[in-house]
Amino acid sequence: MQYIILTIYVLCSVSGLVLFKLGSTESLTLQATRSFFSLKISWLSILGLILYIISFLIYMGLVSKNNLSYLLPVVTGAVYLLTMLSSVLIFKESIYYVQLIGSALILLGLVLMNIKPK
């Protein structure tokens with residue numbers, strides 16, 4: 001069950017970041033006058049923000065029930081890898097060989113973190 005919640009956290013976090021970035025390319029304006037404050041933000045950004053808040057709440061629950069020394073490296077690595085993959089596929093960002101080497105090391109670390117000692 002913990003792996004399912006962890007997966008939901010990672011997906012909400014990455015989806016929130018991607019949607020916020022997609023929405024911010026449309027329209028993100030901030031206007032301030034002497035007596036009025038106005039913020040115009042797209043629906044994609046709002047949805048991304050909601051997903052990111054949900055991921056934060058899930059993360060707080062995971063932190064309270066798991067070893068932080070295990071949880072933090074695993075979720076940080078998974079979020080990094082999926083964010084990088086999303087950036088390449090959705091935003092057509094370039095990645096360099098050093099990023100691929102770093103990603104391979106993170107993936108190796110995730111595998112090693114999940115090996116149970118006998």
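# Ser13, Lys21 and their neighbours

Guide: Leaving aside residues up to four places away in sequence, Ser13 touches Tyr52, Ser55 and Val79. Touching here is contact, meaning heavy atoms within 4.5 Å. This is a predicted model, where local features need pLDDT of at least 70 and side-chain atom pairs count only at 80 or more, though totals for chains, interfaces and linings use all residues. Numbering runs from 1 along each chain as its sequence is written, and side-chain values use heavy atoms, without hydrogens or water.

Visitor: Why is Ser13 called buried?

Guide: The label goes by relative accessible area, computed with a 1.4 Å probe on protein chains only: under 20% is buried, over 50% exposed, and in between partly exposed. Ser13 comes out at 3%, so buried is the word. Ser13 is found in helix H1, and its C-alpha is 9.8 Å from that of Ile58, 45 residues apart along the chain.

Visitor: What makes H2 a helix, and how does its span fit what is expected?

Guide: Helices are DSSP runs of H or I with at least four residues, strands are E runs of at least two, and numbering starts from the N terminus. H2 covers residues 43-65, which is 23 residues. The expected span is 1.5 Å times one less than the number of residues. H2 reaches 33 Å from first C-alpha to last, close to the 33 Å expected. Its buried residues include Ser55 and Ile58, and Ser55 is one of the contacts of Ser13.

Visitor: How do you know that Lys21 and Glu93 form a salt bridge?

Guide: The rule wants a side-chain nitrogen of Lys or Arg within 4 Å of a carboxyl oxygen of Asp or Glu. The closest N and O atoms of Lys21 and Glu93 are 3.6 Å apart, and the pair passes. Lys21 sits in H1 (residues 2-26) and Glu93 in the loop between H3 (68-91) and H4 (97-113), so the bridge ties together parts 72 residues apart in sequence. A search of the whole structure finds one salt bridge.

Visitor: What makes Lys21 partly exposed rather than exposed or buried?

Guide: Its relative accessibility is 37%, so it falls in the in-between band. Glu93, at 35%, is partly exposed too.

Visitor: And why say the charged end of Lys21 sits over the ring of Phe91?

Guide: That takes NZ of Lys or CZ of Arg within 6 Å of the ring centre and within 35 degrees of the ring normal. The charged end of Lys21 is 5.3 Å from the centre of the Phe91 ring, and it counts as over the ring.

Visitor: What makes Lys92 stand out in its phi?

Guide: Most residues other than glycine have a negative phi. Lys92 is not a glycine, yet its phi is positive, at about 55°. Lys92 lies in the loop between H3 and H4, and with 64% relative accessibility it counts as exposed.

Visitor: Which residues of the largest nonpolar core touch the most other members?

Guide: A nonpolar core is a set of buried Ala, Val, Leu, Ile, Met, Phe, Trp, Tyr and Cys residues joined through side-chain atoms within 4.5 Å. The largest has 16 residues, and Leu6, Tyr9, Val10, Leu71 and Val75 touch the most other members. H1, H2 and H3 each give it two or more residues, with H3 giving the most, seven. Leu6 touches Leu62, Leu71, Val74 and Val75, again leaving aside residues up to four places away in sequence.
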